[in-house]
Structure formats: structure tokens, C-alpha cells
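Trainee: I have a new model open and want to go through its aromatic residues with you. Can we start there?

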Amino acid sequence: GKPLVGKVRFYFSSLSQMKEDNQSFYAKFFLTVDVVADCLLDKVGPHVDWWNPKFIFSNSVSDVKIEKSVRKNRKENKLTFYYQVEGEFEDAYDLRFFPWDRQELEVALTTDWDDQFLILEPAQDENGETLSEVDTKNNISISSKWDLEDKVRVQLKSNDSARYKYSQLNATIFALRRPWAYIATTWLRTFVVTSLAFSSFAIDLGDAPSRD
């Protein structure tokens, strides 16, 4: 038969530990997958035994924590699967314009079900705009040196193996460095300490008190 189509939405609730030296960041987000499955609604048990794809985050640094729940929507003949995800992800930081840089932080999602069984697509509204979001006001625990843009870019990519084809979604959030916050906390302190050190050369040795 035809493969199932999963409409995927990302909702980033927390972002922290942006590590430029390790090229990584830590994120918490909710993942919802809407699956139109009118012929399977009556077969859904409390644990949805037939739905067992393994979600793989190809750029995760370590094991990702995932919690799942499910809800039926008989009006639209679909199932909605909810995942609460938490983990550290690697991404290459572009520091060419530091400290006026803008970083694209990406989470890459795929599954162990190939396209014969499941196709992942970005959830969109009637105008083709993504439904994925980032919470820039409430629960984002990003440091004071960064601001987050309130948009998420979700792109569909193909992840091919030797025999099978897998769909992959890359969700990208955008972080803008606050240059003056960095200058005030790092450059200015270094400048003051260095200036005080060099000022010691202006002291006349004859004016210095003897230590005898």
C-alpha cells in the first residue's frame, strides 16, 4: 500500500549551553507528528503497537531523551503523536563576522522507516508557511549574549542508503549575538586590565618607595 505521511512540527521551548569551542548547543523541544490513518484508527490501542519508528537525530552529540504520547482525532481521521525531546546537538559555528555573527542552529531528524512505509513532511498552514515555532519569551534559557529570531526553517532532505531512501527534516533556529554585551563583559574588562598594567611604565623609578 501507500506509505504513511507524517506532518511534523517543531516547537523549541529551551535553548542553552551554546558551546563555540565544542561546536554544539543544548535544546529542549516538542515534536508533533500528524498521521492520516483513517483505516487504522480503530486498531489503535493504548500504546499504538503498530507505530514504532525509531526517531534518529543524526547530529546529536549523545543519547537524546524522548517521551511519547498519542491522541486520536476522528474528525480529521488522523493520529497525532507527541514527543518531548531533550539533548545536545552539534553544528558548525560561523564566526567570520564575530562578534556581529548570526548562527544557524540545526536539528536533523530522520527515522529507521524508509519511504516505502513513512514519509516525513514539514507541517504547514494553508499559505505554505511552516507551523514550527520557537519560544523567544517564556522558557528560552539562552545566555544574555544571544537573541533568538522567532522563526524556524524546516527543510525536507533525502537521506539515501545503498538500497533504501529515507526522508529527513532539518529544523533550523537562528541566534543573533549581542555584540555590545560581549564587548562590555569581555573586551572592556580586558582593555581596562591591560591599560592598568601598561600604566606602570609611566611611573618614575625615583618616585617609587624604597623597599630597603
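Mentor: Yes. Phe10, Phe12, Phe25, Phe29, Phe57 and Phe89 form one aromatic cluster. Keep in mind that this is a predicted model.

Trainee: How many aromatic pairs are there by the count?

Mentor: The count comes to eight aromatic pairs. One of them joins phenylalanine 10 and phenylalanine 12, and that pair is stacked, at 6.1 Å centre to centre with 5° between the planes.

Trainee: Are phenylalanine 10 and phenylalanine 12 buried or exposed?

Mentor: Phenylalanine 10 has a relative accessible area of 0%, so it is buried. Phenylalanine 12 is at 1% and therefore counts as buried.

Trainee: What sort of pair do phenylalanine 10 and phenylalanine 29 form?

Mentor: A tilted one, with 6.0 Å between the centres and 45° between the planes. Phenylalanine 10 lies in strand β1 and phenylalanine 29 in strand β2 (residues 24-36), so the pair ties together parts 19 residues apart in sequence. Phenylalanine 29 is buried too, with a relative accessible area of 1%.

Trainee: Where is phenylalanine 57 found?

Mentor: In strand β3, which covers residues 55-57. Its relative accessibility is 6%, and because the cut-off for buried is under 20%, phenylalanine 57 counts as buried.

Trainee: And which residues is phenylalanine 57 in contact with, leaving aside neighbours within four places in sequence?

Mentor: Phe29, Val64, Ile66, Val85, Phe89, Val107, Ala108 and Leu109. Also, the C-alpha atoms of phenylalanine 57 and glycine 87 are separated by 9.6 Å, with those positions 30 residues apart along the chain.

Trainee: Changing topic. Which strand does β1 pair with in the parallel sense?

Mentor: Strand β1 (residues 4-19) pairs that way with β7, over five bridges. Within β7, glutamate 121 is the bridge partner of lysine 7.

Trainee: Which residues of β7 are on the covered face?

Mentor: Leu118, Leu120 and Pro122. Ile119 and Glu121 make up the uncovered face. In a regular strand, side chains alternate between the two faces of the sheet.

Trainee: What about the whole chain: how many helices and strands?

Mentor: One helix and ten strands. Read from the N terminus, the order is β-β-β-β-β-β-β-β-β-β-α. Of the 212 residues, 38% count as buried. Among contacts between residues at least 6 apart in sequence, 69% join residues at least 24 apart.

Trainee: Last one. What lies over the face of phenylalanine 174?

Mentor: Lysine 151, at 5.2 Å from the ring centre.

Note on methods:
Residues are numbered from 1 along each chain as its sequence is written. This is a predicted model: local features need pLDDT of at least 70, side-chain atom pairs count only at pLDDT 80 or more; totals for chains, interfaces and linings use all residues. Side-chain values use heavy atoms; hydrogens and water are left out. Buried means under 20% relative accessible area, exposed over 50%, partly exposed in between (1.4 Å probe, protein chains only). Helices (H or I, at least four residues) and strands (E, at least two) are DSSP runs, numbered from the N terminus. Two strands pair if DSSP finds at least two bridges between them. Contact means heavy atoms within 4.5 Å. Rings of Phe, Tyr and Trp (its six-membered ring) pair if their centres lie within 6.5 Å; planes under 30 degrees apart count as stacked, over 60 as edge-to-face and the rest as tilted. A charge sits over a ring if NZ of Lys or CZ of Arg is within 6 Å of the ring centre and within 35 degrees of the ring normal.
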